[in-house]
Amino acid sequence: MAETDKDDLISIIEEDGALEEIPTVLPLMPVRDVVIFTDMLLPLFIGREKSVRAVEASVSSDSYLMLATQFDPGIENPKADQIFRIGTVGRILRMLKLPDGRVKALVQGIAKAKIVKYVRSRSYYQVKVEIIDESPEIEINVEIEALMRNIRENSEKILTLRGEWTGDVGGILENIEEPGKLADLVASNLKLKLEESQKVLEIIDPVDRLRKVNDLLFREVELSSMQAKIQSDVRDEISKSQRDYFLREQVRAIHRELGESDEKAQEIEEFKKKIKRARMPKPGADEAKKQLRRLEQMHPDSAESSVVRTYLDWLVELPWSKATQDDLDVKRSQKVLDSEHLGLEKIKDRILEYLSVRKLNPAMKGPILCFVGPPGVGKTSLGRAIARAMKRKFIRISLGGIRDEAEIRGHRRTYIGALPGRIIQGLKQAGSNNPVFMMDEIDKLGSDFRGDPSSALLEALDPEQNNEFSDHYLNLPFDLSKVMFILTANLTDTIPPALFDRMEVIHLSGYTEEEKAAIARGHLLPRQYKENGLKPRLLEISEGALNQIISEYTSEAGLRNLERELGTICRKVARKIAEGQKGRLKITRNNLSKFLGIPKYYPEMDQEESQVGLSTGLAWTQVGGEVLYVEVSLISGKGDMIVTGQLGEVMQESARAAMSYARANMKTFGVRKDFFDNKDVHIHVPAGAIPKDGPSAGIAMASALISVMSERPVNKDVAMTGEISLRGRVLPIGGLKEKALGALRAGVRTVIIPEKNRRDLEELPANLRRKLRFVPVRNMEQVLEIALEKPEKPKARRATPKSKVAKK
C-alpha cells in the first residue's frame, strides 16, 4: 500500500488512552456467516484469492483492514453491491500461511466504519471509509442502568441453561460499564441470524443498540427455556421406558415361575429352529446365532430390535442349501425348446451342451450367457423356455436405467429401510440357489455419484469369484456358482469391456418371413385367441393374408409389431361377435384392409427405376438390418467434397476413401483428369435426422460416386455391404444375417458381399440363401461390374416406308 498522507488519517483513542491513527483508505475483506463487532477477537480462515491479497496488503502496511459482511454467504466472489456498507475496521494481530494456500489470521475489531466508496476492485477491494463516532461518553441514568442489569441477568440465565456459565464470564459482564460495549459483547455471542446481527451493528446510538439487544436476549431466553424443557421431557420419557422394561422383566420372571412362556421367548425359539432348518454355511450360521443373542437381550419395542429381526428373517429365508433337481434328459429338453421356439439352433445347442456336461460332471459351474439381438426376437421368452426345459425356477430382473450400485449389492444395514440387492432378492423369491436368472437390458445400465452398477456385477458374473458373492446388507458370502445367469442386450457397444469379457455372447439375428408365419400360427395366434376370448373356429386367417401382414404391415427383425397387428384383428372380430354377428370370419387379402387399414410398408424397393448416383447399401441397427441409400450429386465448385446426413467419423472416412479411390482411377472409368476442376461432390445419406455410423458403407459410396462420374445408373435390384480401401480392396463386415434379412424385407434380390464373408453364408437359413443371390467380391472392379448397368448402344435409325407415310 502506498504511503498515506496525514490528511488521510483518523485518530481514535484506545482503552489505554493512547492515540491510534487509522487510514481512511483500507483494503476490504468481505466476510460471510459472521458479523464482526468492535473489540471482538476471532480467528479467520481465508481462502478466497481476493481476500488473501487484501490481508497481505494490510499486513505489508499497517495491519488495518475493513471487514464487512456479504449479503449471501453462498456467493464466492461478491460484487460491491452485494456487501453491506457498514462494517468494522479490524487489526490483524497474527497471520499464518497454511500449506494449501489459505491464510489463518487473528483479527480484532477496532472501530465501526462505513464504506464511502470503492477505490480499487481488480486484484482486491480497496475502499475509502468513514469512522462512525458512537459517542461513548453517555450519562448513565436509571433506565440505562436497569437495561444493563437486565441484560446481565438474562445472559446469566441463557448461559446457565446451556451449561456455559462461569464466574469469570460474570466478572467480565459486571466490569463493562459502557452500554455500547456491553451490547456489542452480548450480540456477538448470541446465536443470531446474519440479518439480525447486521441490524444491531448498524444502530449507531449505544442506548438504542442496548434496547435492541435486550429484546433479542429476551426472545433467546424463551427459546432456551423451551429447549431445556424439551430435553427434560425426553429424559423423563427415557426414565419411563427403563421403568417399563424393568416391569416387563418382572412379568416375564413371573411367567417363568408359573411355567408359562411369553411372546419373545417363542420368537427366539422359532428363530433357532429356522436357523437350523436353513442349513447355512458356518459363517452364516455363526452370524445368525450372534444376532439372535443380541435380539434376546434387546427390548422388543426398540428400533434396533426391529432391524435385527428383519436381518434374521432374510438370513433364514434365503435358499442357502435349497436347490431344484435338474432334468438332464437331453432329448426331452430338446423337444421342449423346439416346441417353444422356432430356429435359434445355436442357442439350443449351447443349452443342450450344458445339460450334457452337467450329466457327466454334476459339480460344473453355471454358464453366463448373453443374448444379443433386436427387440422382439424372443430373448426373454427363450430364457423362460430354458428354465422349463431344465425344470428350474425362473427369475427375471430389468437392469435398464439402474444407476445405483446398491440395487445390485444392497444397502448397508446402518441405513433406515436397508434391503439386499436385486440378486439376493431374486434368489429369495425363487426359493432355490440354482435358478435360471435373467438380467434384461444389460446394455442400458447407467452410473452416477451413487456408484457404477456394472462394476458391482463383475463379481456376480465371474465364475471364478461368484462362489463367495458378498451383498452389503448380508455382509456374508453367498454361493452364486450354481445360478445360470442369462443376460440380454440389443447391442454390445455400451457394455463395459470388463463385464463383456465375462459373458458368452450369442447373437439372435431375427426371423425370415417363413419363420414369422410359422411362429404366428404356432404361438402368436393361439395367445391372441386366448387374450381376446376367441375360439379358433370363429376366426380364420388365410396364408396370403398372414404373409401380407408380415410383409406390408410390419417391417422388423422381431415379432412384436406382428403380434400387435394380429391382436388388432382379434379385437375387431371380438367386437363383431359381441354385436351379434354369427358364423366364422375369414380374413383374406381382399378384406384385410378393412381390419388393419392401408398397408404401412411395401416390400418393393423405394426406387422405381435405376438412377445415376443412387446406390443401395445395407446397415445394421438395434432393431435389425435395413437398407441405406447413398445419393451423390455433382455441383459447380472447385473439387471439394460435401458430406451430409449426420454421418459419424467412420462413415465420413469411408466417403473420403471412396473419393480418393475414384480420383485415382479416373482414367479407368473414362473420365478426364480435369473433371473435378470445376465441380464439387455432394454425398448425402437419407434420412438426415438420423445419426449414422459404421464401417460397411464404403463400396456403396464408391459405386454411387463412380456412377455419377461415368453417367452409368446403379442397378436398383442390387444392394451392397463392405468397406473400401484406397487400393480398391473390399474389406469384410459384420452382421451379415441381419443385413440380408433387411435386404429381403426391402425387396432386393442381389446382395454384394466381401469375399471374406463367404464363410458366413453357411450360417444363414437355407430359405434366405434361396431367395437372395449373394455375390462375394474381392475388389471394386468386381463391384462395379455387377452394380453398374451397361451403357446402352445407340440404335441405328430405320427408314420409314413410303407407303406408311402416305397412309399417315
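## A tour from helix 15 outward

Select residues 453-460 to begin: this is helix 15, which is mostly covered, with six of its eight residues buried. The model on the screen is a predicted one. Colour Pro453, Ser454, Ala456, Leu457, Glu459 and Ala460, since these are the buried residues of helix 15. To see what lies over these residues, add the covering elements, which include helix 13 (406-409), helix 14 (422-430) and helix 16 (497-500), together with strand 11 (436-440), strand 12 (469-470) and strand 14 (484-489).

**The whole chain**

Zoom out next to the full chain, in which there are 26 helices and 26 strands. The C-alpha trace spans about 140 × 100 × 60 Å along the principal axes of the chain, and the radius of gyration is 43 Å, where a compact globule of 808 residues would have one near 28 Å. Of the 808 residues, 46% are buried. If contacts between residues at least 6 apart in sequence are drawn, 73% of them join residues at least 24 apart.

**Helices 7, 8 and 9**

Two packed helices are described by the angle between their axes and the distance between the axes. With that in mind, select residues 263-278 for helix 7 and residues 282-297 for helix 8, whose axes come within 11 Å and cross at roughly 180°. Helix 7 and helix 8 are therefore roughly antiparallel to each other. Show side chains for Lys264, Glu267, Ile268, Phe271, Lys272 and Ile275 of helix 7, and for Ala288, Lys289, Leu292, Leu295, Glu296 and Gln297 of helix 8, as these residues make the contact. Sorted by class, the contact of helix 7 with helix 8 has six nonpolar, five charged and one polar residue.

Before leaving this pair, select Arg279, which sits in the loop between helix 7 and helix 8. Arg279 has a positive phi of about 50° although it is not a glycine, and with a relative accessibility of 56% it counts as exposed.

Keep helix 8 on display and add residues 303-317, which form helix 9; the two pack at an angle of about 150°, with their axes 10 Å apart. Helix 8 and helix 9 are therefore roughly antiparallel to each other, and helix 8 passes helix 9 in a left-handed crossing. On the helix 8 side, pick Glu287, Ala288, Gln291, Leu292, Arg294 and Leu295, which meet Glu304, Ser305, Val308, Arg309, Tyr311, Leu312 and Leu315 in helix 9. The residues of this contact divide into seven nonpolar, two polar and four charged.

**Helices 17 and 19**

Move on to residues 513-531, helix 17, and residues 560-578, helix 19, which pack at an angle of about 45° with their axes 10 Å apart. Helix 17 and helix 19 are therefore oblique to each other, and helix 17 passes helix 19 in a right-handed crossing. For the contact, display Lys516, Ala520, Leu524, Leu525, Arg527, Gln528 and Tyr529 in helix 17, which meet Leu562, Glu563, Leu566, Gly567 and Cys570 in helix 19. By class, the residues of the contact of helix 17 with helix 19 are seven nonpolar, two polar and three charged.

**A last stop at Asp39**

Finish at Asp39, found in the loop between strand 3 (25-31) and strand 4 (41-46). Asp39 has a positive phi of about 70° although it is not a glycine. Is Asp39 buried or partly exposed? Its relative accessible area is 37%, so Asp39 is partly exposed.

Conventions: Residues are numbered from 1 along each chain as its sequence is written. This is a predicted model: local features need pLDDT of at least 70, side-chain atom pairs count only at pLDDT 80 or more; totals for chains, interfaces and linings use all residues. Side-chain values use heavy atoms; hydrogens and water are left out. Axes are lines fitted to C-alpha atoms, for helices over the stretch in contact, and angles run from 0 to 180 degrees between N-to-C directions. Helices (H or I, at least four residues) and strands (E, at least two) are DSSP runs, numbered from the N terminus. Angles under 35 degrees count as roughly parallel, over 145 as roughly antiparallel, 65 to 115 as roughly perpendicular and the rest as oblique. A crossing is left-handed if the near helix is turned anticlockwise from the far one by less than a right angle, and right-handed if clockwise. Contact means heavy atoms within 4.5 Å. Ala, Val, Leu, Ile, Met, Phe, Trp, Tyr, Cys and Pro count as nonpolar, Asp, Glu, Lys and Arg as charged, and the others, Gly among them, as polar. The radius of gyration is taken over C-alpha atoms; the globule rule is 2.2 Å times the number of residues to the power 0.38. Buried means under 20% relative accessible area, exposed over 50%, partly exposed in between (1.4 Å probe, protein chains only).
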